[in-house]
Amino acid sequence: MSDRQIFGGEHEHTVSVLVYNKPGVLRKIAGLFSRRGFNISSITVGDGKDPGLSRLTIVVTGDDKVIEQIQKQLYKVVEVVKVSPIDPKHRVEREMALVKVRLDGGEKIELLQLVEIFRGKIIDVSNEGVIVEITGATSKVEAFIKLLASSHKIVEIARTGKVAMNRWESSYNEEGS
Amino acid sequence: MLFEALLHEKVDTIFGIPGGAIINVYDELCDYQDRIRFFLFRHEQGATHAADGYARSTGKPGVVLVTSGPGATNTVTAIATAYMDSVPLVVITGQVPTSMIGTDAFQEADVTGITMPITKHNHLVTSIEELPRVIKEAFHLATTGRPGPVLIDLPKDVQIAEGEFNYPNDIDIPSYRPTTRGHPKQIKKAMELLKNSKKPLVIVGGGANLSGTMDLVNAFIDKFGIPVVHTLMGHGVNPRDERLYFGGIGMHGTVYGNYAVTHSDLLIALGVRFSDRILGNPKKFAPGARIVHVDIDPAEIGKNVRVDVPIVGDLKSVLKEFLNFDFETDFSEWVKELQGVKERFPLGYRKGKYIKPQYVVEKASELFPDDTIVVADVGQNQMWVAQFYRFKHPRSFLCSGGLGTMGFALPAGIGAKIGNPNREVLVIAGDGGFQMNIQELMTINRYKLPVKVIILDNNALGMVRQWQQLFFKCRYSATLLDDNPDFAGIAKVVGINARRVEKPEEVDAALEELANSKSPMLLHVLVDPRENVLPMVPSGGNLAEPLTDAPLDSGIVEKIRGGSDE
């Protein structure tokens, strides 16, 4: 269940966690990570399929031993129903970002092209600038932001963090995305 | 409604202190006096340690009832103590009314937030309707699987609210179903390893006490003739064949116990969590051994050491499976080897002009009945008890193992006595830790509980002083207590019979009086302040290389007792 390698034995891993939607649950999980010295890169929360249950997608960095501990420790939280590692080779992942860009003069065409290439959307326009919505794998979002920053003035960025899901057993896929 | 629920859980004993945000519950307590015994303590930490001592010694969950804010935060150290040693507690704390939560009201504290990392589970009750289920769940969670403390935060408006009382008979928490049966394949694999092993060793941990399976552990050892060692919390293992017993392991384990671990080819760890105090240097721990690790908590397996055969399950069921196997074993060569080491490096100490703390413990072990519950504090006193008191029954040695909470012994001893009125309870504490919950002497006197207390007074925070002597060039930074009070005098003022013992020749008679006393009694024993706990494997060191001797630093005698040495 190891993701792309960062360095040495450390990898980035994605786990999906189903929890009862009760007060304080998120705090328990966040607290568990800091107390055990686990490193969260991103965490997202939202409703899942079943009413009363929330689904968290957590991206963590660590070696295989740490990841095993994370799963075991998560299961010890009474409100945690299921912990599923997300298989890096057989999953879909998405993240969304809103990017507020200042437009002073003639870079508009360039911006529109970039948004088009990345299949983003302009969702707010004014004399001062625009807000762009971009959705995709984390790597795509990051590439878009990097390119945009090299030619435009970014005022604000809001990212959702990653949500992910294992693919159907039988589904065809090329590496990742 | 709370007490009705507690009665359904067969609770007959509660520990605590009242206060404004729990006053309604305490008022209701008046109507239940005939069915529930309540014990008032002088500090909430004391009450919670007492519930802990009650739980450790009886196996029943300890119940604590305190108020909001400071009442609740005072329980924190004791809850953390119970959490580290997996002790079942149900702590009920008052809380300000729901409408005032978050307003920084008088005596408000975010208790569920504060105790989150030190409880197995906690819950802020928001309506009277959910109360019965919450109580049922709390007891279920505290006592099943790997036990632990559960906290229920009860706002004042919920205490006052009325509702229909429907107590659930069964509980099912889909997200909480501990594995109890070990995997048959792994069990078979473990026994295959045992069959082919030449130097197997059983390590018994606190789990054997908590799960009440020490008799099965003994039976397992005897059936296959396997040598046995134990962790601090695994005291009480007692095979019929005494020659198989090789004492404690770890930082202050016996030389032969640690030798056994180092030279074994198969460790069978039963309810052990392989803490740093047991491992020393994890890279050099048991270099030639395969490890079979049985534990109810999957998170413990593989956490601190690599494991060859993980068995997640209840010790009781796993040991029964082990005992179903039949094959011939002969480990007599290995036992002989270990006996040889034991003869060469026995536990010991040198006699001298001062009272030796080790002697006091050894003598007490001789004079008190076999089933005495000994409650040690933390530090040198704890290690001397662990080394020189021979425990033959499970749940007879209580101490704060994981958290190392000084001040634990006196209140926990009171709780143990409350839970075991027919067994002797002997508290052995150092002078430093004793002063951390000394107020509970009043509780002993209030209920006339015949708890026996020995204070091993070396005028120092001794374990830290020992480290300073060995590793910090004898710079005794803030460890010498040259201004200790007359503990016997304090006990007498409180109303407890007490004696001060200063000379080696007075020890035997004083201990006999203590053992025979029908009422509470305290011995204030002035012991050799230079004495160190040995053997010692320095923190992170190799178990195979213990420190077996260290000079006594005579300079400190003058510093703390005024007189000159020898």
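This report walks through a predicted model with chains A and B, from chain A to the interface, the helix pairs and a few unusual backbone spots.

## Chain A at a glance

Let's start with how far the predictor trusts chain A. The average pLDDT for the chain is 88, and 92% of its residues score at least 70. The stretch to treat with caution is residues 1-8 of chain A, where pLDDT stays under 50. Even so, the model gives those residues 19 contacts beyond four places in sequence.

As for the fold, chain A has 4 helices and 10 strands. Following the sequence, you get β-β-α-β-β-α-β-β-α-β-β-α-β-β. Along the principal axes, its C-alpha atoms fill a box of roughly 55 × 35 × 35 Å. Chain A has 177 residues, and 24% of them count as buried. If you take the contacts in chain A between residues at least 6 apart in sequence, 72% join residues at least 24 apart.

## A strand residue in chain A: Ile157

Ile157(A) sits in strand β9, which covers residues 153-159 of chain A. Is Ile157(A) buried, exposed or partly exposed? With 15 other C-beta atoms within 10 Å, Ile157(A) is partly exposed, because that label covers counts between the 12 or fewer of an exposed residue and the 20 or more of a buried one.

Which residues does Ile157(A) touch, once its neighbours within four places in sequence are set aside? They are Ala97(A), Val99(A) and Ile145(A). Lys89(A) is another residue to look up from here: Lys89(A) and Ile157(A) are 68 residues apart along the chain, and their C-alpha atoms are separated by 29 Å.

## Where the chains meet

The contact between the two chains uses 15 residues from chain B and 16 residues from chain A. On the chain B side, α6 (111-115) and β5 (121-124) each supply at least two of the residues that touch chain A. Sorted by class, that side of chain B has 9 nonpolar, 5 polar and 1 charged residues.

## Two helix pairs in chain B

A quick word on the description used here: two packed helices are described by the angle between their axes and the distance between the axes.

The first pair is α3(B), residues 44-58, and α18(B), residues 409-419. Their axes are 6 Å apart and the packing angle is about 50°. That angle makes α3(B) and α18(B) oblique to each other, and α3(B) passes α18(B) in a right-handed crossing. On the α3(B) side, the contact residues include Gly46(B), His49(B), Ala50(B), Ala51(B) and Gly53(B). Among those on the α18(B) side are Gly413(B), Ile414(B), Gly415(B), Ala416(B) and Gly419(B). Taken as a whole, the residues of this contact divide into 8 nonpolar, 8 polar and 1 charged.

The second pair is α16(B), residues 357-367, and α17(B), residues 380-388. Their axes come within 9 Å and cross at roughly 50°, so α16(B) is oblique to α17(B). This crossing is right-handed. From α16(B), the residues in contact are Pro357(B), Gln358(B), Val361(B), Glu362(B) and Ser365(B). They meet Trp384(B), Val385(B) and Phe388(B) of α17(B). By class, the contact of α16(B) with α17(B) has 5 nonpolar, 2 polar and 1 charged residues.

## Backbone spots to look at

Most residues other than glycine have a negative phi, and most peptide bonds are trans. Here are some places in the model that go the other way.

Where is the cis peptide bond? A cis bond joins Leu534(B) and Pro535(B), with omega at about 0°. Pro535(B) belongs to the loop between β18 (521-526) and α24 (555-561) of chain B.

Two residues other than glycine have a positive phi. Arg119(A) has phi near 55° and lies in the loop between α3 (108-117) and β7 (121-125) of chain A. It counts as exposed, because it has 11 C-beta neighbours inside 10 Å. Asn459(B) has phi near 50° and lies in the loop between β16 (452-457) and α21 (462-471) of chain B. Is Asn459(B) buried or exposed? With 22 other C-beta atoms within 10 Å, Asn459(B) is buried.

Terms used:
Residues numbered from 1 in each chain as written. Chains lettered and ligands numbered in written order. Predicted model: local features only at pLDDT ≥ 70, side-chain atom pairs only at ≥ 80, totals over all residues. Axes fitted to C-alpha atoms, helices over the stretch in contact; angles between N-to-C directions. Parallel < 35°, antiparallel > 145°, perpendicular 65-115°, else oblique. Left-handed = near helix turned anticlockwise from the far one by under 90°. Contact = placed C-beta atoms within 7 Å. Nonpolar A, V, L, I, M, F, W, Y, C, P; charged D, E, K, R; others polar. pLDDT = per-residue confidence, 0-100.
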